[in-house]
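Let's take a walk through a protein together, from its hollow spaces to its packed interior. Keep the structure open beside you as you read.

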Amino acid sequence: MQEQLLTKLRVAKMADVGQAGYGLLDKAAVAIKDGRIAWVGPEAEIPDHFSHFARTSYDGRLLTPGLIDCHTHVVFGGNRAAEFEMRLNGATYEEVARAGGGIISTVKATRGASESELLANALPRVDAMLAEGVSVIEVKSGYGLDSETELRMLRVARAIQSVRPVHVLTSFLGAHAIPPEYKGQADAYIDDVCIQALRAAHAEKLVDAVDGFCEGIAFSTAQIARVFDAARRLGLPVKLHAEQLSNLGGAKLAASYGALSADHIEYLDEEGAIALAKSGTVAVILPGAFYTLRETQVPPLAALRHHGVPMALATDCNPGSSPMTSLLLAMNMGCTLFRMTPLEAFRGVTVNAARALGLHDCGTVAVGQRADLAIWNAEHPAELAYRIGFNPLHQRTFGGVT
C-alpha cells in the first residue's frame, strides 16, 4: 500500500474551474493512496486520517496534472531529414508526397524494421517526453499501410508502457496514405487492406481509437466514412486529421460520428466549428507541423472560442512534418504562433487533452484521479508556455511513484 502526503505546494487543480482558470491553491497538500489522489486541499486542513502518511515537502513548488500528449506518431522507422532539406529548397509538402516521399518514404523504412528495432527507435523519443512531465501518450499506426506492419506498429505502441512508466493509447491510422502498390486505387485499398487490418488489430486488442487523414493527397470524406463505419461496428471511437491543407469537410464528417477529436484544422470554417461544438469534439491544435511546413493559414481560434469548442495541444511527433518531442515547446508555439493564451495552452495538454482521448481519470488534480503528477521549479503554470528551450520539471510522479 502506497501512502504519501505531498506538502508545501502550489497546486493547479484544473478541476471544477470550467474555462475560467487554473484552480490554483496555495500552501496546499496532496494525499496519495494506492496510486490515486485521496485528498487535495490547504495544508492547514489535512484530515487526521492522512496525518500518518509519509510526508515530502516541496518548498512552494508548483504541482500540476501530468501532461498528456494526445497526438503522436512516435513509432516509425528511419528519418526524413533529406526531405526537410528539400522543403527548404522550395518543394511543398504535397510535391514531396506526390514524388514518392513524405509518408511513403517512412512506410518503406517502417516495413523494413522489426518490432524490436521500432521499439528501440521509439524509446528515446518517449524518454524525451517523459522528461518534460508527460504521463500519457497517444500513439498512431499509419506507416505500415499493410496489415502486417500496421499490427506490428500497434504491438510496439502497446509495448512502450511495459518498459516505461507511461500510459499509452493507440490509434489505428490505416487510412493515412495510399501505398505505392495501390496507387490510383484508394477505394480498393480502403476495402482490401485498411478495414481488414483494422478488424485484425481489434481482434488482437491493439486498438483504442480509429483515425484517418482526410485530405486531397490522402482520402476523401466518403472513403473515411467507410473506415468510420467499420470502427462503429467494432465499437471503437474515431478521430480525424482534418482541414490541415485544405477544407474537404473532414471536421464536419468527424463531428457527425461524434469523434473524440478533429486534429490540425487550420482550414476549418465557421460551419465546421459549429459542428465540432455541437458534437463536443475536441479541436487538437498542432503547431509543430505548421512551423515545420512553414504554413501561413492559422487555425480559426476566434471561431473555436466563440462556439465553445474545447482545444487541446500536442506535439504531432512524426518524422516528416513535426519531428518534435517537446510538449512544452508545443505550448509555446501555440501561444506565439496562434495566439493561444497560456491558460488555453495548459488546458490543452491536461484536461482537454484527456478529453481528446476519451479519458476521465487524468488531466486534473482531484480525488479519485490517477496520481500522475508533475512538480515544477515554477510559481505559475504560465511559465511552462512562456519559456523556450528550458525544462523546469523538478519531479514526475506516475501512479504515485517518483
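What follows is a tour of the spaces, the core, the ring pairs and a few single residues.

Before we start, bear in mind that this is a predicted model.

## Open and closed spaces

Let's begin with the largest pocket, which holds about 410 Å³ of space. Its lining is made of 18 residues, and the ones nearest its centre are A97, R98, I104, I178 and I217. Two elements each give two or more residues to this lining: α2 (93-98) and α3 (103-111). The largest share comes from α2, with 3 residues. What kinds of residue line this pocket, by nonpolar, polar and charged? The split is 11 nonpolar, 5 polar and 2 charged.

Now for the closed spaces. The model has 2 cavities of 30 Å³ or more. The largest cavity has a volume of about 120 Å³, and 14 residues line it, with H73, Y93, H176, N318 and S321 closest to its centre. The second largest cavity has about 30 Å³ of space. You can pick out its lining by finding Q244, L245, E266, A289, F290, L293 and E295.

Here is how the linings of the two cavities divide by class:

| Cavity | Nonpolar | Polar | Charged |
|---|---|---|---|
| Largest cavity | 4 residues | 8 residues | 2 residues |
| Second largest cavity | 4 residues | 1 residue | 2 residues |

## The nonpolar core

Which residues touch the most other members of the largest nonpolar core? They are V75, V207, V210, L304, M331 and W376, out of 107 residues in that core. Helix α6 (residues 186-203) gives the most to this core, with 9 residues.

M331 is a handy one to click on. If you skip its neighbours within four places in sequence, M331 is in contact with L313, A345, F346, V349, L384 and A385.

Over in helix α6, have a look at V193. With a relative accessible area of 13%, V193 is buried, because the cut-off for buried is under 20%. Again skipping neighbours within four places in sequence, V193 is in contact with L145, D146, S147, Y182 and A188. Take Y182 from that list: it sits 11 residues from V193 in sequence, and the two are 9.8 Å apart in space, C-alpha to C-alpha.

## Rings that pair up

Next come the aromatic rings. A pair of them is described by the distance of the centres and the angle of the planes. How many aromatic pairs does the structure hold? There are 8. One is formed by F228 and Y257, with 5.3 Å from centre to centre and 75 degrees between the planes, and it is edge-to-face. F228 belongs to helix α7 (residues 221-233), while Y257 is in the loop between α8 (250-256) and β10 (261-264), so this pair ties together parts that are 29 residues apart in sequence. Are these two rings buried or exposed? F228 is buried at 0% relative accessibility, and Y257 is buried too, at 18%.

Another pair joins F290 and F338. Their ring centres are 4.9 Å apart and their planes stand at 75 degrees, so this pair is edge-to-face. Since F290 is in helix α10 (residues 287-292) and F338 in helix α12 (residues 327-338), the pair ties together parts that are 48 residues apart in sequence. F290 is buried, with a relative accessible area of 8%, and F338 counts as buried at 6%. You have met F290 already: it is one of the residues lining the second largest cavity.

Rings can also link up into a cluster, as W39, F50 and F53 do here through ring pairs.

## Two residues with a positive phi

Let's finish with the backbone. Most residues other than glycine have a negative phi. K27, which is not a glycine, has a positive value near 50 degrees. You'll find K27 in strand β2 (residues 24-33). R339 isn't a glycine either, and its phi is positive at about 65 degrees. Look for R339 in the loop between α12 and α13 (342-348).

Are K27 and R339 buried or exposed? K27 is exposed, with a relative accessible area of 70%, and R339 counts as exposed at 59%. Both calls follow because exposed means over 50% relative accessible area.

Technical notes:
Residues are numbered from 1 along each chain as its sequence is written. This is a predicted model: local features need pLDDT of at least 70, side-chain atom pairs count only at pLDDT 80 or more; totals for chains, interfaces and linings use all residues. Side-chain values use heavy atoms; hydrogens and water are left out. On a 1 Å grid over the protein atoms alone, a cavity is a set of points where a 1.4 Å probe fits but cannot get out, and a pocket is an open set with protein on both sides within 12 Å along at least five of seven lines; lining residues have an atom within 4 Å of a point. Grid points are joined across faces, edges and corners, and a volume is the space filled by probe spheres set on the points. Helices (H or I, at least four residues) and strands (E, at least two) are DSSP runs, numbered from the N terminus. Ala, Val, Leu, Ile, Met, Phe, Trp, Tyr, Cys and Pro count as nonpolar, Asp, Glu, Lys and Arg as charged, and the others, Gly among them, as polar. A nonpolar core is a set of buried Ala, Val, Leu, Ile, Met, Phe, Trp, Tyr and Cys residues joined through side-chain atoms within 4.5 Å. Buried means under 20% relative accessible area, exposed over 50%, partly exposed in between (1.4 Å probe, protein chains only). Contact means heavy atoms within 4.5 Å. Rings of Phe, Tyr and Trp (its six-membered ring) pair if their centres lie within 6.5 Å; planes under 30 degrees apart count as stacked, over 60 as edge-to-face and the rest as tilted.
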